[in-house]
Each structure stands twice: as C-alpha cells, then as structure tokens.
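Biologist: I would like to go through this model one question at a time. Please give the reasoning first and the answer last.

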Amino acid sequence: MAGKLSYEELEKRVKELEKEAVEHKQAEEALRLFSHSVESSVDGIAMGNTEKRITYVNEAFTRMFGYSKKEL
C-alpha cells in the first residue's frame, strides 16, 4: 500500500476530481440536448447496428414508416 499523501497531493487530487465532475456534467448536458434534438426532430431518424438491424427510431420515423418502438 502506498504511503500517505501530502496535503499538497490531496489538494491537487481534489482539484482534479472537481474538474472531472464539471466535465462530466457538461458531457451529460450535451448528451441531453442532443437526445432532445433527435427525439423532437420533424425528420425521421433511425439508427442501426453492424448487423443491419434498426436499434432506434424517433417519433417522426414511427409516424412516417409505421415502425413501433416496441418492435425494435
């Protein structure tokens, strides 16, 4: 087990963790905004995987093509 950290090392680590927390919160907000944009788009949007299967459709896509989110 490593020895005890000095006050300066602890202070540095706290600042690093605070920075990581802010970056995490910013990333969450960006993801939330992106998700809202895709879901509320008037354009039909679908996403698929490498096996050529649809994995996500937004509401506009379901109205345009009759897909149900339950079918995915």
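**Helix H1 and its salt bridges**

Biologist: Arg32 and Glu29 are three residues apart in helix H1; by about what are they separated?

Modeller: To begin with, this is a predicted model. Arg32 and Glu29 belong to helix H1 and are three residues apart there. Because of that spacing, they are separated by about one helical turn.

Biologist: How far apart, N to O, are the side chains of Arg32 and Glu29 in their salt bridge?

Modeller: To count as a salt bridge, a side-chain nitrogen of Lys or Arg must be within 4 Å of a carboxyl oxygen of Asp or Glu. The side chains of Arg32 and Glu29 meet in such a bridge, and the N to O value is 2.8 Å.

Biologist: As what does Glu29 count at 34% relative accessibility?

Modeller: Buried means under 20% relative accessible area and exposed means over 50%. Its partner Arg32, at 46%, counts as partly exposed. At 34%, Glu29 is between the two cut-offs, so Glu29 counts as partly exposed.

Biologist: Which residues are joined into one network by salt bridges that share partners?

Modeller: Glu16 forms a salt bridge with Arg13, with the closest N and O atoms 3.3 Å apart. The side chain of Glu20 also meets that of Arg13 in a salt bridge, at 3.8 Å. The network is therefore built from bridges that share partners, and the residues in it are Arg13, Glu16 and Glu20.

Biologist: What is the relative accessible area of Glu20, which is partly exposed?

Modeller: The other two residues of the network can be checked beforehand. Arg13 is partly exposed at 38%, and Glu16 is partly exposed at 34%. Glu20 is partly exposed too, with a relative accessible area of 43%.

Biologist: How many salt bridges does a search of the whole structure find?

Modeller: Among them are the bridge of Arg32 with Glu29 and that of Glu16 with Arg13. For the whole structure, the number found is four.

**The hairpin**

Biologist: In which sense do strand S1 and strand S2 pair?

Modeller: S1 covers residues 46-48 and S2 covers residues 54-57. Two strands need at least two bridges to be called a pair, and these have three. As one example, Gly48 stands opposite Ile54 in S2. The sense of the pairing is antiparallel.

Biologist: Which residue takes a positive phi in the hairpin of S1 and S2?

Modeller: The hairpin has five residues between the strands. Most residues other than glycine have a negative phi. One residue in the loop between S1 and S2 is not a glycine but has a positive phi of about 60 degrees. That residue is Lys52.

Biologist: Is Lys52 buried or exposed?

Modeller: The cut-off for exposed is over 50% relative accessible area. Lys52 has 80% relative accessibility, so it counts as exposed.

**Asn58 and its surroundings**

Biologist: At what relative accessibility does Asn58 count as buried?

Modeller: Asn58 is placed in the loop between S2 and H2. Leaving out residues up to four places away in sequence, it touches several others, including Val38, Ser41, Ile45 and Lys69. Asn58 counts as buried because its relative accessibility is 0%.

Biologist: The side chain of Asn58 reaches the backbone nitrogen of which residue?

Modeller: A polar contact needs N or O atoms within 3.5 Å. The side chain of Asn58 comes to 2.9 Å from a backbone nitrogen, and the residue it reaches is Ile45.

Biologist: How far apart in space, C-alpha to C-alpha, are Val38 and Asn58?

Modeller: Val38 is in helix H1, and it is buried at 9% relative accessible area. Apart from residues up to four places away in sequence, it touches Ile45, Met47, Tyr56 and Asn58. In sequence Val38 and Asn58 are 20 residues apart, but in space the value is 6.9 Å.

Biologist: What is the relative accessible area of Ser41, which is buried?

Modeller: Ser41 is found in the loop between helix H1 and S1. It touches Asn58 and Ala60, with residues up to four places away not counted. Its side chain reaches the backbone nitrogen of Asp43 at 3.0 Å. Ser41 is buried, because its relative accessible area is 17%.

**The surface**

Biologist: About how much accessible area do Ile54, Met64, Phe65 and Tyr67 have together?

Modeller: Met64 lies in helix H2, residues 59-65. With Ile54, Phe65 and Tyr67 it forms a nonpolar patch on the surface. Together the four have an accessible area of about 380 Å².

Definitions and conventions. Residues are numbered from 1 along each chain as its sequence is written. This is a predicted model: local features need pLDDT of at least 70, side-chain atom pairs count only at pLDDT 80 or more; totals for chains, interfaces and linings use all residues. Side-chain values use heavy atoms; hydrogens and water are left out. Helices (H or I, at least four residues) and strands (E, at least two) are DSSP runs, numbered from the N terminus. Buried means under 20% relative accessible area, exposed over 50%, partly exposed in between (1.4 Å probe, protein chains only). A polar contact is a pair of N or O atoms within 3.5 Å; within protein, one must be able to donate a hydrogen and the other to accept it, and residues adjacent in sequence count only if both atoms are side-chain atoms. Contact means heavy atoms within 4.5 Å. Patches are made of residues with over 30% relative accessible area and no salt bridge: like charges are joined within 9 Å, nonpolar side chains (Val, Leu, Ile, Met, Phe, Trp, Tyr) within 5 Å. Accessible areas come from the Shrake-Rupley method with a 1.4 Å probe; for residues, only the protein chains shown count as cover.
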